There are 4 protein chains.
Amino acid sequence: MSAIAIVYFSASGHTHLMAEAIAVGVQQAGHKAELLRITGDQITDGRWQDNAMMATLTAADGIVFGSPTYMGGVAGQFKAFIDAASEAWFAQLWKDKIAAGFTHSSSLSGDKQGTLIYLAVNAAQHAMLWLNVGDMPSQYVGKDDGVNRLGSFMGVMGQSPLAMDGADAQLDAGDRLTCVNFGQRLAEAAERWG
Amino acid sequence: MSAIAIVYFSASGHTHLMAEAIAVGVQQAGHKAELLRITGDQITDGRWQDNAMMATLTAADGIVFGSPTYMGGVAGQFKAFIDAASEAWFAQLWKDKIAAGFTHSSSLSGDKQGTLIYLAVNAAQHAMLWLNVGDMPSQYVGKDDGVNRLGSFMGVMGQSPLAMDGADAQLDAGDRLTCVNFGQRLAEAAERWG
Amino acid sequence: MSAIAIVYFSASGHTHLMAEAIAVGVQQAGHKAELLRITGDQITDGRWQDNAMMATLTAADGIVFGSPTYMGGVAGQFKAFIDAASEAWFAQLWKDKIAAGFTHSSSLSGDKQGTLIYLAVNAAQHAMLWLNVGDMPSQYVGKDDGVNRLGSFMGVMGQSPLAMDGADAQLDAGDRLTCVNFGQRLAEAAERWG
Amino acid sequence: MSAIAIVYFSASGHTHLMAEAIAVGVQQAGHKAELLRITGDQITDGRWQDNAMMATLTAADGIVFGSPTYMGGVAGQFKAFIDAASEAWFAQLWKDKIAAGFTHSSSLSGDKQGTLIYLAVNAAQHAMLWLNVGDMPSQYVGKDDGVNRLGSFMGVMGQSPLAMDGADAQLDAGDRLTCVNFGQRLAEAAERWG
């Protein structure tokens, strides 16, 4: 059984719902998902620290990185976490783990691709193996289930109109299914990679 | 009066319609637009050549670069043109001209942002000044005219479902208006830059 | 006289030296440079705040954004500042200002291009005008002054070997000259843009 | 035994030398390397075609994509090949193969990172698994063999001063060793992935 860590930041709640849906997919494939949510109070004087969370990440078989797209990139809080992981980087502790990414914003396109590319660049520094999305956009393959409706390949994208944050946040049904499918793909890839 | 060259490749016809709409905006602002369409038959043994087109580009006050997003980047035919412009680059003939970009694909998001970033990277090598989109997404500012409906900032994005190419190609009304607005913005920026 | 704000984060001191060199160039061109250094203690519970600094930025004619490249992107502290500027973004307060970027790392290439691209993406959201580097790599034009020795176009890159941080930090002479030249270019562009 | 296809374009000869060095690494690991060189004469009226080469790619266990960095991106000739592979993409024939990338330019930094990112974006559309570089920069780990001397993570970078093309082209010794190591890593990853 593989352990997939899902480390993410979420303010409005949408990225959190994506993380949960990916976890569902991992579990449906018979593997273990660990949800690790980055929060602002882990940051002191601009530096993020949470040793227990870092240990869980280093023990995992695969790591999925998730952040809303803020101003064309990952949230500042998530970047603080990434910078703190430079210790793991210098020792190459995450080398050859499976890595992947997901993001959310309120625009149909927006600058979400840039966020996914950045997550892949960060994983490249860690010498991880990057897993891309396995589902073609549903409209290309004659389906209407909304899977990969936005047409994203380097990671999973979610999109919701402005408003309804927090407890009321909702995820598009197609985006949710894309996340579940990707969780399954991720767990199976980690298992196959061994 | 400023002269804006719109150099682009289009196979399905959608990028061509975007180019025409940008030209309309340039003209509405009282300036001159020159449509320069890259074609496959300008390429011999992998190399693009059209000296007259290159001279028009070098004489222009601003250059807008446009290509459909194919496999996450500009069309190969358009890249052949860009490579041929390395002569203009080495002599820095386009230095300090206004530059901008636009792209089209069939996905809502797809990898269009990557294409626009690439067009900006190419313009950076030419030491041009990059003009970004001036319109916020309409839904953010309480409008429903579809302007910047996809949420793009580094250049103009257009999106159309698969099918209906060539003579039947149609452009989303909001995307068309985004192009017209951007043409005006571009001409005014070239005039202000002087 | 134009006012150029140079907003940056620096931990090891190298990015600070780049900021100072850009300021020298701005002043040599007869314009006003304002050095605004982002620090970790401006961040509380993951959020950056400094109203006076934000007011200075909004009043400037041009803004240069600078950050070391950490894990392939801007420093977390700098991203916290960028996220806080989403208020200025929503009101488009920085629209049509001149923007530019610079970064530093210890590798010759590293992932510095990604950082510069990100800074340009952020400026695009603000609808700013992006100014690219004006100097060709010195080795291409038969010079040996080290100007643009790394071959960067979308912004200025600096590189220094690991070690010697803080008070002992030193900048490569060619990189410093690249910064001074770019400061001049920036001030002149802001003046021309008017 | 795994089969690794190395598909690349090279004009000056440097990228060709990188391809050969990667092939050496693949063979040293006991696996099969197939060198597939894209040429301009495969392009007619702007479109690339070589059915035999495409069949070899589809039969391979892993594909490494290589191109010099021209004007901040892959060579136009290589993009023509990538566009022709959209048929393989639409049928997802390369799904779940191992993918990787390499590039060369005459600048220390230049825009090589952008080229590698683009190669990864293209592989993402094919739903391939992206393998990153496994060697830390030698100077970070107290070695002086020049391995990963430029500090690249998403793929292998080579750099050579202008001049001496074709038969006289030479590769930096550290860059060559980086390629050989990466060839081994690639073959072993393809074997492990199975």
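So, which surface do the copies, chain D and chain C, meet through? Keep that one in mind while we walk through the contacts. One thing up front: this is a predicted model.

Okay, chain D and chain C. The contact between them takes 15 residues from each of the two chains. On the side of chain D that touches chain C, helix 5, residues 112–125, gives the largest share, with three residues. If you sort that side of chain D by class, you get five nonpolar residues, seven polar ones and three charged ones.

Now, how do you lay one chain on the other? Turn chain D by 180 degrees, shift by 0.0 Å along the axis, and chain D sits on chain C with an RMSD of 0.0 Å. So the two copies are related as by a two-fold rotation axis. If you want to find that axis on the screen, look for Ser109(D): in chain D, its C-alpha is the nearest to the axis, at 2.0 Å.

Back to my opening question. Of the interface residues of chain D, 100% are also interface residues in chain C, so the copies meet through the same surface.

Next up, chain A and chain C. Here 25 residues of chain A are in contact with 25 residues of chain C. On the chain A side, three helices each supply at least two residues: helix 3 (76–84), helix 4 (86–90) and helix 5 (112–125). Which helix of chain A gives the most to that side? That would be helix 3, with six residues. By class, the chain A side has nine nonpolar, ten polar and six charged residues.

Last stop: let's go inside chain D and look at a pair of helices. Helix 1 is residues 14–28 and helix 6 is residues 173–193; their axes come within 6 Å and cross at roughly 45 degrees. That angle makes helix 1 of chain D oblique to helix 6 of chain D. And is the crossing of these two helices of chain D left-handed or right-handed? Right-handed.

Who makes the contact? From helix 1 of chain D, the residues include Met18(D), Ala21(D), Ile22(D) and Val24(D). From helix 6 of chain D, among them are Arg176(D), Cys179(D), Phe182(D) and Leu186(D). Glycines take part too, including Gly25(D) on helix 1 and Gly183(D) on helix 6. Sorted by class, this contact between helix 1 and helix 6 of chain D has eleven nonpolar, five polar and one charged residues.

That's my tour, thanks!

Notes: Residues numbered from 1 in each chain as written. Chains lettered and ligands numbered in written order. Predicted model: local features only at pLDDT ≥ 70, side-chain atom pairs only at ≥ 80, totals over all residues. Contact = placed C-beta atoms within 7 Å. Helix = DSSP H or I, 4+ residues; strand = E, 2+ residues; numbered from the N terminus. Nonpolar A, V, L, I, M, F, W, Y, C, P; charged D, E, K, R; others polar. Least-squares fit on C-alpha atoms with pLDDT ≥ 70 in both. Axes fitted to C-alpha atoms, helices over the stretch in contact; angles between N-to-C directions. Parallel < 35°, antiparallel > 145°, perpendicular 65-115°, else oblique. Left-handed = near helix turned anticlockwise from the far one by under 90°.
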